[in-house]
Amino acid sequence: MDSDLIERAKRRDNEAFTALVHHFGDRLYAVAYRILRDTSGAEDAVQQTFLIAWRELPKLREPQRLQSWLFTILVNACRTEMRHVGRWRPGLRVVTDFEPPVDDSQRTIAQRDELERAFRRLSTEQRAVIVLHHYIGLSGDEIGRVLGLPAGTVRSRLHYARQQMRAAIEADARAIASEGLA
Amino acid sequence: MNTQLDFDRILDSWLADGPSELPDRAVSRIVQSIDDSKRGPIGLPWREMMNRLALAAASLAAVVLVVVIGFGLFSGGGMFGPGAGATPSPTPSATPATPAPTDGSLAQGPHVLSKTPTITVAIPAPGWFGELGGGILTKNENVDAPDGAGMIVFAEDLYVYRDPCEWSTTKPETPATTVDELVAALSAQSLRDASAPVDITVDGYTGTSITLHVPDDAVFGECDQGTFGSWGVAGESTPGRYAQDPGQIDELWIMDVNGVLVVIDTAYYEATPTEHVDEMRAIVQSATFGQ
């Protein structure tokens, strides 16, 4: 990222900030969608992120940490959006509003549904850790800086979230088997 | 279930699916909001703006409705016909139902915590979040130091590591399959400062409670894969139960339920509020077991 562009954006240069929106917008949206599992909520979270960034950017002392800083704001915005979207209740069949690629030889639809159901049972914080690690590829230290947590706590939270997902998937599988549903 | 590595690959692949481009309309809204902010208050996301407008409209409508009803009640036979000004007969007030939590937490009362065997518990207070069916409950979704609290159920034979830090090389050949075997293995686990076992009874099933401790100065980064592991389960190469943070206290309730070794691990810290620990114990003691 061009440091001169960031400095101009910090000085409230519209054109420079718009360039940042174009540069980071897709990635922030991708992360927000994967946390919220909702396209409208993800759009709102990203919009809120950039509005706060516009207001607070002059205070950013380490321009090289801009992406981490934006992720921090985004996770908070997602937390707010989760309260608006409401919690998913177990027992309902989840239908996402995104159509996966037609050629889906790697996974069955049932497996994707299981993952969706299990993921939606996680808290915002747990979802953020999962997405930042598995989708963006951030390390425990990097996620810790985004979320303001010690790296050890991030690793523990990641373990715990994955364990919860696996437990949820296994519980669903046992429930379906015992009810005789295919 | 697949190994942890397989699960991670599946998770990576699943997360790769999904939209990854911010729609042009959203970019335009952001840019427009930035422009508008230079002229006035920072714009709101469009859904929140619509919600606030709807709320304002509803508030205005409510005010109008109150005015209309008030006029009808006090106008002595006016808009609602004769007798509208008479003293209305009191309507019996129903006992208000306890509203369901709006934060996603579990309502107070019975819930199925785990299956095989089925374990039903009573949630005694607000703030409990659950992975129902998966055997996990957390207080305020916080299981971390310094004041978290949470519980997890295992209903299977367990491989108790002799050393929770060097777990990858201290896993026993055979698992503990009885209450006595498990208690003995846990009492002997290094670094845990295990308490003396205490007899317990839950739903008529007798068993043993034992409390383990994670050293306050434990450095998880120096342990195998950065994990302080208590025990493993069949079919998995990494710990099935591991500590969240140094200083964690694990109060284990161990029972044989119709031939199945059941462990309810209630975890907390020295700084966890006493009432949260008491709530966890109450949850365990409320447990009833089915098939």
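Why does E181(B) count as partly exposed? In this predicted model, the relative accessibility of E181(B) is 38%, and the residue therefore counts as partly exposed, given that this class lies between the limits of under 20% for buried and over 50% for exposed residues. E181(B) is located in helix α4 of chain B, which spans residues 179-188. Together with E156(B), D157(B) and D180(B), E181(B) makes up a negative patch on the surface.

Chain A contains eight helices and zero strands, and its elements accordingly read α-α-α-α-α-α-α-α along the sequence. Of its 182 residues, 53% count as buried. Helix α6 of chain A, covering residues 124-136, is largely enclosed by the rest of the structure, because ten of its 13 residues are buried. The buried positions of α6(A) include T124(A), Q126(A) and R127(A), as well as H134(A) and I136(A). Among them is also a run formed by A128(A), V129(A), I130(A), V131(A) and L132(A). Just after α6(A), a positive phi of about 90 degrees is found at G137(A).

A further buried position in chain A is S68(A), which belongs to helix α4 (residues 66-85) of that chain. The relative accessible area of S68(A) is 17%; S68(A) is buried because this value is under the 20% limit. The C-alpha atom of S68(A) lies 5.4 Å from that of V146(A), although 78 residues separate the two along the chain.

In chain B, strand β12 (residues 260-268) is largely enclosed by the rest of the structure, since eight of its nine residues are buried. Strand β12(B) pairs with two strands described here. With strand β5 (residues 149-155) of chain B, β12(B) forms seven bridges in the antiparallel sense, and within β12(B) the residue opposite V153(B) is I264(B). With strand β11 (residues 249-257) of chain B, the antiparallel pairing of β12(B) extends over nine bridges. D256(B) has L261(B) of β12(B) as its bridge partner. Strands β11(B) and β12(B) constitute a hairpin in which two residues intervene, and N258(B) in the turn adopts a positive phi of about 55 degrees.

Chain B also contains an open sheet of three strands, ordered β1-β2-β13 and paired in antiparallel fashion. Its edges are formed by β1 (109-114) and β13 (288-289) of chain B, each of which pairs on one side only. Strand β1(B) runs antiparallel to strand β2 (residues 119-123) of chain B, to which five bridges join it. Within this pairing, A122(B) of β2(B) stands opposite P110(B).

Another open sheet of three strands in chain B has the order β6-β9-β10, likewise with antiparallel pairing. Here β6 (159-160) and β10 (241-242) of chain B are the edge strands, each paired on one side only. Two bridges connect β10(B) with strand β9 (residues 229-232) of chain B in the antiparallel sense. The residue of β10(B) that serves as bridge partner to G229(B) is Y242(B).

Technical notes. Residues numbered from 1 in each chain as written. Chains lettered and ligands numbered in written order. Predicted model: local features only at pLDDT ≥ 70, side-chain atom pairs only at ≥ 80, totals over all residues. Heavy atoms only, no water. Patch = residues over 30% accessible without salt bridge, like charges linked within 9 Å, V, L, I, M, F, W, Y side chains within 5 Å. Areas by Shrake-Rupley, 256 points an atom, 1.4 Å probe, with all protein chains shown as cover. Salt bridge = Lys/Arg side-chain N within 4 Å of Asp/Glu carboxyl O. Lys, Arg positive; Asp, Glu negative; His and termini not counted. Charge placed at Lys NZ, Arg CZ, Asp CG, Glu CD. Helix = DSSP H or I, 4+ residues; strand = E, 2+ residues; numbered from the N terminus. Buried < 20%, exposed > 50% of the residue type's maximum accessible area, 1.4 Å probe, protein only. Pairing = 2+ DSSP bridges.
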